[in-house]
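Visitor: I would like to learn how to read a strand and the aromatic rings around it. Could you take me through an example?

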Amino acid sequence: MRLPLSYLAVSVAAVGMLALVPASHASARPSDRSTSSKVLTSPVIFRIQLQNSATNRCLQADASGHVSTNVICDNGFSELWDLNTTLGALRNEGTGACLDSNDAGEVYTGVCNNANYQSWRFAPANINSDYLWNVATGRFLDSNDQGAVYTSTFNGANFQAWFHAVLKS
């Protein structure tokens, strides 16, 4: 099913029940993310694949931390991302590392550390895609025809919009 993740927020009740609610009704997230035990008590994970709206190339990572887009979306582990809805972290299934960024606009993967540089939020782009913005930098995940991945200030172009399929929850 292809629905923008920005329309949904996940809430886990004390009894362990999962409920999908509109993002406008979601509870506030804790501002202190420095202690993983505080935040990771009941994360909900969705396995997703991100495909760039302009190029139709899929976001992938390799073991060296390099992030790019692949011309052929083959559902390989390097293209699969586990979205932790509590933290906004995207962990690559193939490498186990999290999508990370810095103030210079570089995008790479690194050891998951629950920091805001590894926290991403989804904002609606159109019916089937979202913009992904980095919490620490305020910059948006972006790409180009050559497969490079970086962040930049918002420009509303399709290179900043990402389709995603939820493959498993």
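Visitor: Which residues of S12 point one way, and which the other way?

Guide: In this predicted model, Phe140 and Asp142 point one way from strand S12, whereas Leu141 and Ser143 point the other way, and all are buried.

Visitor: How should I read the pairing of S12 with S13, and what is found between the two strands?

Guide: Strands count as paired when at least two bridges join them; here S12 and S13 run in the antiparallel sense, with four bridges between them. Serine 143, for instance, has valine 149 in S13 as its bridge partner. The hairpin they form has five residues between the strands, and glycine 147 takes a positive phi near 95 degrees there.

Visitor: How many aromatic pairs does a search of the whole structure find?

Guide: Three aromatic pairs are found. In one of them, tyrosine 131 and phenylalanine 140 meet edge-to-face, because planes over 60 degrees apart are classed that way, and theirs are 90 degrees apart with the centres 6.3 Å from each other. Phenylalanine 140 also pairs with phenylalanine 154 in a tilted arrangement, at 5.0 Å centre to centre and 55 degrees between the planes. That second pair links distant parts of the chain, since phenylalanine 140 lies in S12 and phenylalanine 154 in the loop between S13 and S14, 14 residues apart. Ring pairs thus link Tyr131, Phe140 and Phe154 into a cluster.

Visitor: Is phenylalanine 154 buried, partly exposed or exposed?

Guide: Phenylalanine 154 is partly exposed, because its relative accessible area is 46%. Tyrosine 131, by contrast, counts as buried at 11%, and phenylalanine 140 is buried at 14%.

Conventions
Residues numbered from 1 in each chain as written. Predicted model: local features only at pLDDT ≥ 70, side-chain atom pairs only at ≥ 80, totals over all residues. Heavy atoms only, no water. Phe/Tyr/Trp six-rings, centres within 6.5 Å; stacked < 30°, edge-to-face > 60°. Buried < 20%, exposed > 50% of the residue type's maximum accessible area, 1.4 Å probe, protein only.
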